[in-house]
Structure formats: C-alpha cells, structure tokens
Amino acid sequence: MARRNNSQGTPATAALTAAGVPFVLHPYTHDPSAASYGTEAAEALGIDPSRVFKTLVVDVEGRLAVGIVPVSGTLDLKAMAAALGARKAAMADPAAAQRRTGYVLGGISPLGQRQPSPTVLDSSAAALDTLLVSGGRRGLDIELAPADLARLTGAVTAPISSLAAGNPRS
C-alpha cells in the first residue's frame, strides 16, 4: 500500500507518518445533512461498509475507552465492557469524547488522539487485508492494515459489534 500524504494532514496522519506505517488517504465531500458519518463515508467512497470502521467513545465504569466497529454493525456495549474487564459501558458524553480525543464528532480517529484511551478493535477486522477509519476530520478516511491499527492504538481485539440495524451512534 502506497503512503500518500499531502495537505490532508491531521494528528492521525502525523502519527502514521511518524511510525512509518503505510496508509492511503481517502478524502470525500462531507454532507452536513448526512444521518450517519460512517455510512456516508462508505457510500461516498464506494467501499463495502464492512471495511469502513467507526470510532466510538464509551464510558466504561467511569473511564473513557474507544470501540472500533464496522459501520455495517453496532457497538455491543456489554461486549465492549467485557473486553475491558468491566461489567457495563455506555456511550460517552459527546463533549467529553471531543475533549478527550481532540477531534470533532464524525471525525474522531482512533489514531493521534489528544489523550489515548483503552481501545478495542472488533474481531471482524482480522479477516480484512485493510480497513478504513476516520482520518481525523469529517470527509477524510485512512486505509491501513488492521494489525497496524491495533499496534498503534494498543487495541485489544474482541467481538464487540452486533450487526443489528439502526445504530443512532454511527
């Protein structure tokens, strides 16, 4: 995979460049009226939604953590909590998520966050050669190998997604 880094620089792309990890940028025109950031990215880029992953910040018993799941599914909060050795989890307050990560909603990348958090990558990623995650702003995704994503974020891998329809947190 070629490394293509240009004026799309974000903390996420800077982290990848500093680590020497190959990645490909996938910019697209963000539609502010889109109902789901992740689905919008998959559709705009013409990529299977099972390869495009969303970054969700959750509150796990009083501490913030990050779940990375395909946009074709939803985050299973019980599974997320269990993956981190906790009993329960809930979606984090959006303002707290933005403060913690340094990114705006719809552009939260698992890479280059202001304050790294415990991270769980859905186990479905292991079947993929590459996946896409937010590049650190709305309208920019980054394609990279799942193993590189897990290594750079310190993620554990666990089955944390449910393919139930209608996730309002996408």
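This passage walks through the fold of one protein chain, from its overall form to a few individual residues.

The structure is a predicted model, and a good place to start is with the chain as a whole. The protein chain has five helices and ten strands. Along its principal axes, the C-alpha trace spans about 45 × 35 × 30 Å. How does the radius of gyration compare with that of a compact globule, and what is its value? A compact globule of 170 residues would have a radius of gyration near 15 Å, and the protein chain has 14 Å, so the two agree. Buried residues make up 49% of the 170 residues. The accessible surface of the chain comes to about 7,800 Å², and carbon and sulfur atoms account for 52% of it. Contacts across the sequence can be described too: among those with a separation of 6 or more, 60% are between residues 24 or more positions apart.

Part of this chain carries an annotation. In an unreviewed entry, UniProt places the feature "domain: YbaK/aminoacyl-tRNA synthetase-associated" at residues 33-152. Over residues 33-152, the chain is 26% helix and 31% strand, and the C-alpha atoms at the two ends are 32 Å apart.

The strands can be followed sheet by sheet. As a reminder, strands of a sheet pair through backbone hydrogen bonds, either parallel or antiparallel. One open sheet is formed by five strands in the order β5-β2-β3-β6-β9, with mixed pairing. β5 (89-91) and β9 (156-158) stand at its edges with a single partner strand each, so one side of each is left without a neighbour in the sheet. Neighbouring strands of this sheet are turned against each other by 35° on average, direction ignored.

Within this sheet, strand β2 (residues 53-60) and strand β3 (residues 63-70) run antiparallel and are joined by eight bridges. One residue pair shows how the strands line up: the bridge partner of L56 is G67 in β3. The loop between β2 and β3 contains E61. The phi of E61 is near 50°, a positive value in a residue other than glycine.

A further open sheet is made of three strands in the order β1-β8-β7, and its pairing is antiparallel. Its edge strands are β1 (24-27) and β7, each of which pairs on one side only. From one strand to the next, the twist averages 35°. Four bridges join β1 to β8, and these strands run antiparallel. Here P27 has L140 of β8 as its bridge partner.

Two residues of this sheet are worth a closer look. D141 is found in strand β8. Is D141 buried or exposed? Its relative accessibility is 5%, so D141 counts as buried. The C-alpha atoms of D141 and L25 are separated by 6.0 Å, although the two residues lie 116 residues apart along the chain. Beyond its neighbours within four places in sequence, D141 is in contact with several residues, including V24, L25, H26, A41, L132 and V133.

L132, in turn, is placed in strand β7. With a relative accessible area of 0%, L132 is buried. When neighbours within four places in sequence are left aside, the contacts of L132 include H26, L45, I47, V52, F53, D141 and I142. The C-alpha atoms of L132 and T55, 77 residues apart along the chain, are separated by 11 Å.

Helix α5 comes next. In this helix (residues 146-153), the buried residues are P146, D148, L149, A150 and T153. What covers these buried residues of α5? The cover includes β3, β6 (119-122), β7 (131-137) and β8 (140-144). In general, an α-helix has 3.6 residues a turn, so residues three or four places apart point the same way.

D148 offers a detailed view of this helix, since it lies in α5 and counts as buried at 16% relative accessibility, under the 20% cut-off. Apart from residues up to four places away in sequence, D148 touches V21 and P22. After α5 comes G154, whose phi is positive, near 70°.

Methods
Residues numbered from 1 in each chain as written. Predicted model: local features only at pLDDT ≥ 70, side-chain atom pairs only at ≥ 80, totals over all residues. Heavy atoms only, no water. UniProt positions renumbered as here; feature names shortened; annotations may be inferred. Pairing = 2+ DSSP bridges. Axes fitted to C-alpha atoms, helices over the stretch in contact; angles between N-to-C directions. Rg over C-alpha atoms; globule rule 2.2 N^0.38 Å. Buried < 20%, exposed > 50% of the residue type's maximum accessible area, 1.4 Å probe, protein only. Contact = heavy atoms within 4.5 Å. Areas by Shrake-Rupley, 256 points an atom, 1.4 Å probe, with all protein chains shown as cover.
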